[in-house]
Amino acid sequence: MANASGLFYTPSVPNFTVRVRPFSSIHRFQGFKVFCSGAQNYASTVSPSQSPTPRLVSKGCKLVGCGSAVPALQISNDDLSKIVDTNDEWISVRTGIRKRRVLSGGDSLTTLAAEAAKKALEMAKLDPDDIDLILMCTSTPEDLFGSAPQIQKQLGCTKSPLSYDITAACSGFVLGLISAACHVRGGGFRNVLVIGADALSRYVDWTDRGTCILFGDAAGAVVVQACNSEEDGLFGFDVHSDGSGLRHLNAGIKENESNNALDSNGSVRSFPPKQSSYSCIQMNGKEVFRFAVRCVPQSIENALEKAGLPASSIDWLLLHQANQRIIDAVATRLEVPSERVISNLANYGNTSAASIPLALDEAVRSGKVKAGQTIAAAGFGAGLTWGSAILRWG
């Protein structure tokens, strides 16, 4: 068996099995309880000093491919000025955004995600059937029960790899990366496809200039591959959530006061309940800004400490592309010069879980990010959730 840090337990003597049980144990290592079956028979012939002990076998993971895809429809700040009271200067000065891409017509988020995934597989030189796990990081699935299996279908995977969604808004991709690493190190998976894709344009109030100017749609993907511990490319991570911050950023189910209301005699009227729907995105921009510039630098510093690395080891700072002011403030706090900060916010706006893999893919394909370089990545957003990872590309 394995734990999330990539340490595997294997018996040192043949014909012994190792099992993990929840409440009693013979050997204890890092919170795991290890049993050796047949111990009574073996103990009758072997002295205590010769008793088998678990042998630790380490395993790592690395990023070997990336890809991205965006919708064809491009909406500029000038376009938005035709439907809400705003202009290009007002938007760009406050956010750094000049245009964004939006799904339209028959566009599908799952198709966009599959396109990004295919590009990542091509870069990694893998076939769809080489993938044994797909993680779809999204808060806007096209099915209530998740979109990951449909991406598996579109890719043409014939071996039915496990596929499921991760919902953590703008932190989703970072949490997906960490989940992939845990699956590789602790579950024996070889190739994990991590996709970040969102279509927040479907949940934007296009008459509210405070939010409609911010969001765009996109998809990005990476392949996380098992490797020897010496090649391990995820050095450390730090993750958090705070549900008390829900009031600052949310898109809740619309309340229907008549649902489940009671008559005077106690019987339910208006049953069955009416169909539910989600409200548009509600955001307190000032509070989200304060949250991000306070928590994100601290999270990155924590991840660096866990990795045993100084801040000077960072080659690139790659943050969720929410607002250029946030990106600049975090970089200043961490003393990372602007030339080492990856940003494509101006061209795509806030694409939620897609923003980090989209920016990474463009930076890799342009030659900016090179194999062996260290990246500090951090996501933050609704929940509230936030997390960071120190990783190496390639």
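**View 1. Helix α4, residues 109-124, has the length expected of it.** In this predicted model, we can start with a simple check on a helix. At 1.5 Å a residue, the 16 residues of α4 should span 22 Å, and the end C-alpha atoms are 23 Å apart, which agrees. Many residues of α4 are tucked away from the surface: Leu109, Thr110, Leu112, Ala113, Ala114, Ala116, Ala117, Ala120, Leu121 and Ala124 are buried. What covers them includes the strands β6 (60-69), β9 (133-137), β11 (191-199) and β12 (217-227), along with helix α5 (148-155). Just after α4 comes Lys125, which takes a positive phi of about 60°.

**View 2. Five strands form an open sheet.** Follow the strands in the order β6-β12-β11-β9-β10, where the pairing is mixed. β6 and β10 (162-166) stand at the edges with a single partner strand each, so one side of each has no neighbour in the sheet. From one strand to the next, the twist averages 20°. Look next at β11 and β12, which pair in the antiparallel sense over nine bridges. Here Leu193 stands opposite Val223 of β12. Helix α6 (residues 172-187) packs on the sheet and touches β6, β9, β10, β11 and β12. The direction of α6 makes about 165° with that of β11.

**View 3. Gly216 sits in the loop between α7 (209-212) and β12.** Is this glycine buried or exposed? Gly216 has a relative accessible area of 0%, so it counts as buried. Leaving aside neighbours within four places in sequence, the residues in contact with Gly216 are Arg100, Arg101, Asp198, Leu200, Tyr348, Asn350 and Thr351. Val70 makes a nice landmark here: Gly216 and Val70 are 146 residues apart in sequence, yet their C-alpha atoms are 9.2 Å apart in space.

**View 4. The largest nonpolar core has 40 residues.** Those with the most contacts inside this core are Phe291, Val296, Ile300, Leu317, Leu319, Val330 and Phe380. Two or more residues each come from α8 (285-307), β16 (316-319), α9 (324-334), β18 (374-381) and β19 (385-392). With eight residues, α8 gives the most.

**View 5. Leu317 and its surroundings, with a look at a second core.** Not counting residues up to four places away in sequence, Leu317 touches Ile300, Ala331, Leu334, Val336, Arg340, Val341, Ile342 and Ala376. A second core, separate from the largest one, has 36 residues, among them Leu63, Cys137, Ala226 and Trp316.

Definitions and conventions. Residues numbered from 1 in each chain as written. Predicted model: local features only at pLDDT ≥ 70, side-chain atom pairs only at ≥ 80, totals over all residues. Heavy atoms only, no water. Core = buried A, V, L, I, M, F, W, Y, C linked by side-chain atoms within 4.5 Å. Buried < 20%, exposed > 50% of the residue type's maximum accessible area, 1.4 Å probe, protein only. Helix = DSSP H or I, 4+ residues; strand = E, 2+ residues; numbered from the N terminus. Contact = heavy atoms within 4.5 Å. Expected span 1.5 Å × (residues − 1). Pairing = 2+ DSSP bridges. Axes fitted to C-alpha atoms, helices over the stretch in contact; angles between N-to-C directions.
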